[in-house]
Amino acid sequence: MDREIRTFAESSLHGARPPEHWQDFDKSLNFIYGDTSATRMALLVLGMDDGIQFKSKNAPKELATLPRPKPPEQRMEPRPGIDEHFNTRLDRNQDGRVSFEEFDGPPHVFFETDRNNDGYLDRDEAEEIGSPPRGRFRRNGAPETPTFTQAFLTMETDSGNWRVGTFSDPNLTVHVAMDMVEFYSDINRFRTAFMIAVPLGLILMGIAGWFMAGRAMQPVAAIADTAEGITAKDLGKRIPMVGNDIELERLVTVSNNMLDRLQKSYNQAVRFSADAAHELQTPLTILQGELDNAIQSSEDGSTEQQNYSMLLDELRNLKAVVQKLLLLAHADEGRLNINPQSTDLGDLIESAVEDIEIMAPGLEIEKSIEEGIIVSADPALLNQTIRNMISNAAKYATGNGRVVFGLKQDAGSALFTLANTAPPIPDEDQPLLFDRFHRVDKARTTTGSGLGLSLAREIARAHGGDLVLAPYNDGMVSFTLTLPVHPGR
């Protein structure tokens, strides 16, 4: 605003001013600002005697009371003598004469003073021009234009707030005032536009950044989705080649090569487990037959018969472990043979209740079994799953504790829950509970191979269900077997 006011004033204070100058100046404001000039700009011109030479219609009366701006103070330095002036200002290289480059006055003065035309001014020649104050003449010889004094202030009047620029020279004083309502209005419009444009710009930048980042990450997302779908039972998937980026192509190639090696190693391990378990079945069966014959041929109650019976029990345990390993190997290969039939899950659980009463007669048995829940499952494999669960409950239940059987149907699924009183399973063991050969009892004071729960879960998943550890409640450890009910039930 000050710069705008100064521009108008300076253009009017320079040069000659005819009588109608200020009327024309007021008209020029109307031309620049249009109809708003009558309220936006005000002009008051005072003469040397503070008489009003021109006043615009909207000029507030308070303008006439403003004082003239004081000219800046000028410090007058004493005029130096010729010797001092010659030695300190003109003859800068102290060679006793003044060259054209050292002379700081108008060029024509230098050449007029150089009487002998040798291109230098000696001390006598310099004495003729005296010692003018430095800067009085410009290099081109034109005298400097005297400057006017100016001052700016903000004043509040009955007609509004004004920003006033006061300019004064020896002949007149000009007050140019600009209404600050328009100024504040412009600021408010700018602030409003800024407050709208910045959030909108940030939102647009965010959307554009999100879109660009999404497009840039699409190949990585495709790689991640494919890698997420690769499981131990489906190592045949490979990551597709996406994008044209060299680094991504290298990443895909390295990942696929790694999957090839993993699949090869995994298949070798699975085949080894299945082949080893299969090959062990025949010699174990032969050993079992020989021990049976040895027991029959031994004298009843003899030491030999007792030893043979103990060896037979261990052999049966070993044979059961081999059988479980063979089933797990088939499950890993995805070729667990299932012969689904309509099976009454309640009957299998009732039979398991009778078995646990024989296995652990000291336990209190509770049951809540709904009748008529039919599932489509392999009866032999499902029976093995349930028996693995009750064997686990009988082994780890506290003495004189209780075992609770629960069976119900919920939303097309059969839910079998088996709970037994026992201390809570440690948090660090819970994620590993279904791992093969993992034992919560680190001292291994209880019998078992650590394969029962793992095999039970694999059989449940092969039937489209699952086996999970339920939350610890009321001092009981619980497992829940979920199976889909038979279609149409």
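Val-468 stands opposite Thr-480 of strand S14 in this predicted model. The pair belongs to an antiparallel match between S13 and S14 (residues 476–484), which are joined by six bridges. Helix H12 (residues 452–462) packs on the sheet here and touches both S13 and S14. The direction of H12 makes about 125 degrees with that of S13.

The sheet around this pair is open and holds five strands. Their order is S9-S11-S12-S14-S13, and the pairing is mixed. Strand S9 (364–369) and strand S13 (466–473) stand at the edges. Each has a single partner strand, so one side of each is left without a neighbour in the sheet. On average, neighbouring strands are turned by 15 degrees against each other, direction ignored. Helix H11 also meets this sheet, lying across strand S11 (402–410), S12, S13 and S14. H11 runs at about 20 degrees to S12.

H11 and S12 also meet at a cavity. The count comes to one cavity of 30 Å³ or more. The volume of the largest cavity is about 40 Å³. Its lining consists of Met-389, Asn-392, Ala-393, Leu-418, Asn-420, Leu-453 and Phe-479. Helix H11 (379–396) and strand S12 (413–421) are the elements that give two or more residues to this lining. H11 provides the largest share, three residues. By class, the lining has five nonpolar residues, two polar residues and no charged residues.

A further open sheet of five strands has the order S2-S1-S7-S6-S5, with antiparallel pairing. Its edges are strand S2 (52–55) and strand S5 (149–157). Each of these has a single partner strand, so one side of each is left without a neighbour in the sheet. Neighbouring strands in this sheet are turned by 15 degrees against each other on average, direction ignored. Within the sheet, strand S1 (residues 41–46) runs antiparallel to strand S7 (residues 173–179), and six bridges join them. Leu-46 has Thr-173 in S7 as its bridge partner. Helix H7 (residues 180–228) lies across S5, strand S6 (160–168) and S7. The angle between H7 and S7 is about 40 degrees.

Confidence varies along the chain. The protein averages a pLDDT of 78, and 81% of the residues score at least 70. Over residues 75–81, pLDDT stays under 50. The model has four contacts beyond four places in sequence for that stretch. pLDDT also stays under 50 over residues 131–146. For residues 131–146, the model has 22 contacts beyond four places in sequence.

Methods
Residues are numbered from 1 along each chain as its sequence is written. This is a predicted model: local features need pLDDT of at least 70, side-chain atom pairs count only at pLDDT 80 or more; totals for chains, interfaces and linings use all residues. Side-chain values use heavy atoms; hydrogens and water are left out. Two strands pair if DSSP finds at least two bridges between them. Helices (H or I, at least four residues) and strands (E, at least two) are DSSP runs, numbered from the N terminus. Axes are lines fitted to C-alpha atoms, for helices over the stretch in contact, and angles run from 0 to 180 degrees between N-to-C directions. Contact means heavy atoms within 4.5 Å. On a 1 Å grid over the protein atoms alone, a cavity is a set of points where a 1.4 Å probe fits but cannot get out, and a pocket is an open set with protein on both sides within 12 Å along at least five of seven lines; lining residues have an atom within 4 Å of a point. Grid points are joined across faces, edges and corners, and a volume is the space filled by probe spheres set on the points. Ala, Val, Leu, Ile, Met, Phe, Trp, Tyr, Cys and Pro count as nonpolar, Asp, Glu, Lys and Arg as charged, and the others, Gly among them, as polar. pLDDT is the predictor's confidence in each residue, from 0 to 100.
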